[in-house]
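Trainee: I'd like to learn how to read a structure feature by feature. Could you walk me through one?

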Amino acid sequence: MSILRQIAQLGHPVLRQETGLIGDPADPALQALIDDMLATMAEAGGVGIAAPQVYETLRLFILASRPTSRYPHAPAMEPTVMINPELLWQSDETEKGWEGCLSVPGIRGLAPRSLRIGVRYLSRRGEVCEEELSGFIARVFQHEYDHINGMVFLDRVASNRELISEREYLRLVSA
Ligand code: ZN
């Protein structure tokens, strides 16, 4: 049975710490953590979640793009667990897009991200997967990849003028 985890909020040092490689994807404790992260992300209405956000300094995150009230135009995908993810290459071409974060409530910011990326990771069954991602899903990967490197999306925003409140953001996307 999965447990809803508390989500670390901006200012907690765990969001800025180094994370460790996962040795054994089959470890039952790791599998339980993955179930907890899936449940916690779904409950919070997130489109991704990284282990440091639930106080675990591990190289692990989940991508789960789908249309929500927070991201009405997001493409739908099966939630994908990524263990020890690597960013193999990224396009020089970038695009600014609005991002938010379960660890940074109430704020949205325009973050520039590569439009296309190549990634490698282990699935939760330990299989090596290599994929090319683009658009919003590539954006979510880059956001979560930052989390396992001690960064948050605010570090990518070029100017404070590109930060807005959640309420203004919702007004913008529903317009
Ligand atoms: Zn985040």
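Mentor: Let's begin with a term we'll need all the way through. A residue is buried under 20% relative accessible area, exposed over 50%, and partly exposed in between. Take W98: its relative accessibility is 22%, so it counts as partly exposed. Keep in mind that this is a predicted model.

Trainee: Good, W98 is a ring residue, so let's stay with rings. How do I read an aromatic pair?

Mentor: You describe two aromatic rings by how far apart their centres are and by the angle of their planes. Planes over 60 degrees apart count as edge-to-face. In this structure a search finds four aromatic pairs. One of them joins F61 and F141, with 5.1 Å between centres and 85° between planes, an edge-to-face case.

Trainee: Where do F61 and F141 lie in the chain?

Mentor: F61 belongs to strand β2 (residues 60-63) and F141 to helix α2, so this pair ties together parts 80 residues apart in sequence. Both F61 and F141 are buried. Ring pairs also bring in Y145, giving a cluster of F61, F141 and Y145.

Trainee: And what about W98, which ring does it pair with?

Mentor: W98 pairs with Y169: the centres are 6.4 Å apart and the planes sit at 65°, so that one is edge-to-face. It links distant parts of the chain, with W98 in strand β4 (residues 94-101) and Y169 in helix α3, 71 residues apart. Y169 has a relative accessible area of 4%, so it is buried.

Trainee: Can a ring have something other than a ring over it?

Mentor: Sure, a charge can sit over a ring, and here you look at the distance from the charged end to the ring centre. R108 lies over the face of Y169, at 4.0 Å from the ring centre. The charged end of R108 also sits over the ring of Y71, 4.7 Å from the centre of that ring.

Trainee: Which acidic residue does R108 meet in a salt bridge?

Mentor: That would be E166, at 3.3 Å from N to O. R108 is in strand β5 (residues 104-114) and E166 in helix α3 (residues 166-174), so you can read this pair as a link between distant parts of the chain, 58 residues apart. Both R108 and E166 are buried.

Trainee: How many salt bridges does the structure hold?

Mentor: It holds 15. Another one to look at is R113 with D146, whose closest N and O atoms are 2.9 Å apart. R113 lies in strand β5 and D146 in helix α2 (residues 135-147), so the pair ties together parts 33 residues apart in sequence. R113 is buried at 4% relative accessibility, and D146 is buried with a relative accessible area of 4%.

Trainee: Is a salt bridge partner buried or exposed in the case of E130?

Mentor: E130 counts as exposed, at 56% relative accessibility. Its side chain meets that of R120 in a salt bridge of 3.1 Å, N to O. R120 lies in strand β6 (residues 116-122) and E130 in strand β7 (residues 128-134), so this pair ties together parts 10 residues apart in sequence. R120 counts as partly exposed, at 29%. Salt bridges can share partners too, and that is how E99, R113, R139, D146 and R156 are joined into one network.

Trainee: Let's turn to the metal. Which residues are the protein donors of the zinc ion?

Mentor: For a metal site, list the donor atoms and then see how they are spaced along the chain. The zinc ion has C101 (SG), H143 (NE2) and H147 (NE2), lying 2.1 to 2.2 Å from it. Their spacing in sequence is C-x41-H-x3-H. Both H143 and H147 lie in helix α2, four residues apart, about one turn of the helix. H143 is buried at 8% relative accessibility, and H147 is buried at 2%.

Trainee: Last one: how do I read a sheet?

Mentor: Get the strand order, the sense of the pairing, and then the edges. Here three strands form an open sheet in the order β4-β5-β8, with antiparallel pairing. β4 and β8 (163-165) stand at the edges with a single partner strand each, so one side of each has no neighbour in the sheet. On average, neighbouring strands of this sheet are turned by 25° against each other, direction ignored. Between β4 and β5 the antiparallel pairing runs over seven bridges. As for a single bridge, K96 has P112 in β5 as its partner.

Notes
Residues numbered from 1 in each chain as written. Predicted model: local features only at pLDDT ≥ 70, side-chain atom pairs only at ≥ 80, totals over all residues. Heavy atoms only, no water. Salt bridge = Lys/Arg side-chain N within 4 Å of Asp/Glu carboxyl O. Helix = DSSP H or I, 4+ residues; strand = E, 2+ residues; numbered from the N terminus. Buried < 20%, exposed > 50% of the residue type's maximum accessible area, 1.4 Å probe, protein only. Donors = N, O, S within 2.8 Å, 3.2 Å for Na, K, Ca; no water. Phe/Tyr/Trp six-rings, centres within 6.5 Å; stacked < 30°, edge-to-face > 60°. Lys NZ or Arg CZ within 6 Å of the ring centre and 35° of its normal. Pairing = 2+ DSSP bridges. Axes fitted to C-alpha atoms, helices over the stretch in contact; angles between N-to-C directions.
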